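Me: Take me through one part of this model up close, please: a loop residue with an unusual backbone angle. After that, carry on into how the helices pack, and keep it informal.

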Amino acid sequence: MQNGTMTTTPVSRWATGHRFGVLDAWRGLCALLVTIVHIPVAHRLQGTIGFQNMQMFVDFFFVLSGFVMCHAYGQTLTGTSKLEGFLIRRFGRIYPLHLAMIIGFIGLELGKAGVAMALKMPIDGDPFTGPRSFGTLASNLLLAQSFNLHGMTSWNGPAWSISVEFYAYLVFAAAVLLAGMRTAVFTALAVVGVTGLVVFSPNYIFATHDYGFLRCLYGFFVGCIVYQAVSRPAAGRLAGTVAELAAIALLVAFMVVAGPNPLSLAAPLVFAVVVYVFAFERGIVSRLLETAPAQAIGLWSYSIYMVHMLIFTVEKMAFAVLAKKGVLGLTLITTPTAKLWTFNSTALDIALFTTQIVLTLIASKLTYDWIEDPWRKRFAAIARRRETESAPAPGLASAPAQGLRIARGLGAR
């Protein structure tokens, strides 16, 4: 293919099981950016509008999830056996790591109680109170913590998004089973989500524990619409590069000028442009995102998103002990948006900031290998077995069984 030319290969080739490696890398990058927002180290960008707006990269997850669900399941959700397999797979994709993190936080609270007793001083508040109280545990185990039940995010804070996404899967399955892959239905559901945010959310797109489901519904079905829209021939390398750079410029400009105001409601639409452009994987930026490091981060993206808060919480407890002992000159700074630690040394703070990212990547690799991937495969095997058991006997009038092809690493964060 020559630069600037158009290929005539239809995008319908995706139905054969194409893996969106570039979009996977994008999701890993977005997971890292959300992680950076939560790093409890003071720096000059903390508190600026552009930095705080990186929380909106969660909306990229929602848009991409809708896109990938259409790709993986849009043509195969055709009956109750397929629905059962779909739900088993989606549960197995998100719940084992979610449960592991809750167990980790329970262990942390127990450790907090033991350390507080040994040192005769409270460490990061009393154990099993506030966002990690016993009263909030049941809703987190049931993935119901983000339906405005507690007035705050609880236990593993970032998990609010995977809880609402699970219920978005249910809505998606019902929509496809009842109406098929219809853009009009997806549009109506996206409109319900954004309208709900306009009416109910005091923070517009920045809804989490309260109206996070509406936020997810909006972004998820915008992603479904994008999948339906990507049916044109893909551009050549030169045109693809121009489109990719323009999409990135749009994203950066949006992050700089948006905020907790009505403009933030455009976030899923901006991410829709990014997903649309990079789905073709045609430009030079896509080539960079296809490199091994970018692909590894994409593979670990769900773990990155889920494990970082546990790591940072452990470190904040350690910092609190060190500060009380007067070690290393650690100081706690309270800002309107966070409690941050500093060594009062730019070099040491940068080293600490970098360490947080490295530790998160190491832990994410381990949780992917030991929890996320093995349990995903176990639940996928259960789903296949159930689908086989539910399949009509040979010779009966039925549609041929179709194997589900799931893009590895894509789906829930």
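Reply: First, a word on naming: helices are DSSP runs of H or I with at least four residues, strands are E runs of at least two, and both are numbered from the N terminus. Also keep in mind that this is a predicted model.

With that in hand, go to E281, which sits in the loop between α10 (267-279) and α11 (284-289). Its phi is positive, about 55 degrees, even though E281 is not a glycine. Is E281 buried or exposed? Its relative accessible area is 11%, and anything under 20% counts as buried, so E281 is buried.

For a comparison, try N148, in the loop between α5 (137-141) and α6. N148 is not a glycine either, and its phi is positive at about 60 degrees. Here the relative accessibility is 39%, so N148 counts as partly exposed.

From that loop, move on to α6 itself. Helix α6 (residues 160-179) packs with helix α4 (residues 80-119) at an angle of about 170 degrees, and the two axes are 11 Å apart. Over 145 degrees counts as roughly antiparallel, so that is how α4 and α6 run relative to each other. On the α4 side, the contact is made by L83, F86, L87, R90, F91, I94 and H98; α6 brings I162, F166, Y169, L170, F172, A173 and L177. Sorted by class, that contact has 12 nonpolar, 1 polar and 1 charged residues.

Now hang on to F172, one of the α6 residues in that contact. F172 is also in contact with F221. Leaving aside neighbours within four places in sequence, F221 touches A168, V171, F186, L189 and A190 as well. Both F172 and F221 belong to the largest nonpolar core, which has 115 residues. They are among the members that touch the most other members, along with W26, F57, F60, F67 and F278. Helix α3 (residues 57-73) supplies the largest share of this core, 13 residues. As background, nonpolar side chains in soluble globular proteins tend to be buried together.

One last stop, for the strands: β1 (residues 331-334) and β2 (residues 339-342) run antiparallel and are joined by 4 bridges. L332 has W341 in β2 as its bridge partner. The connection from β1 to β2 is a hairpin through 4 residues.

Key
Residues are numbered from 1 along each chain as its sequence is written. This is a predicted model: local features need pLDDT of at least 70, side-chain atom pairs count only at pLDDT 80 or more; totals for chains, interfaces and linings use all residues. Side-chain values use heavy atoms; hydrogens and water are left out. Axes are lines fitted to C-alpha atoms, for helices over the stretch in contact, and angles run from 0 to 180 degrees between N-to-C directions. Angles under 35 degrees count as roughly parallel, over 145 as roughly antiparallel, 65 to 115 as roughly perpendicular and the rest as oblique. Contact means heavy atoms within 4.5 Å. Ala, Val, Leu, Ile, Met, Phe, Trp, Tyr, Cys and Pro count as nonpolar, Asp, Glu, Lys and Arg as charged, and the others, Gly among them, as polar. Two strands pair if DSSP finds at least two bridges between them. Buried means under 20% relative accessible area, exposed over 50%, partly exposed in between (1.4 Å probe, protein chains only). A nonpolar core is a set of buried Ala, Val, Leu, Ile, Met, Phe, Trp, Tyr and Cys residues joined through side-chain atoms within 4.5 Å.
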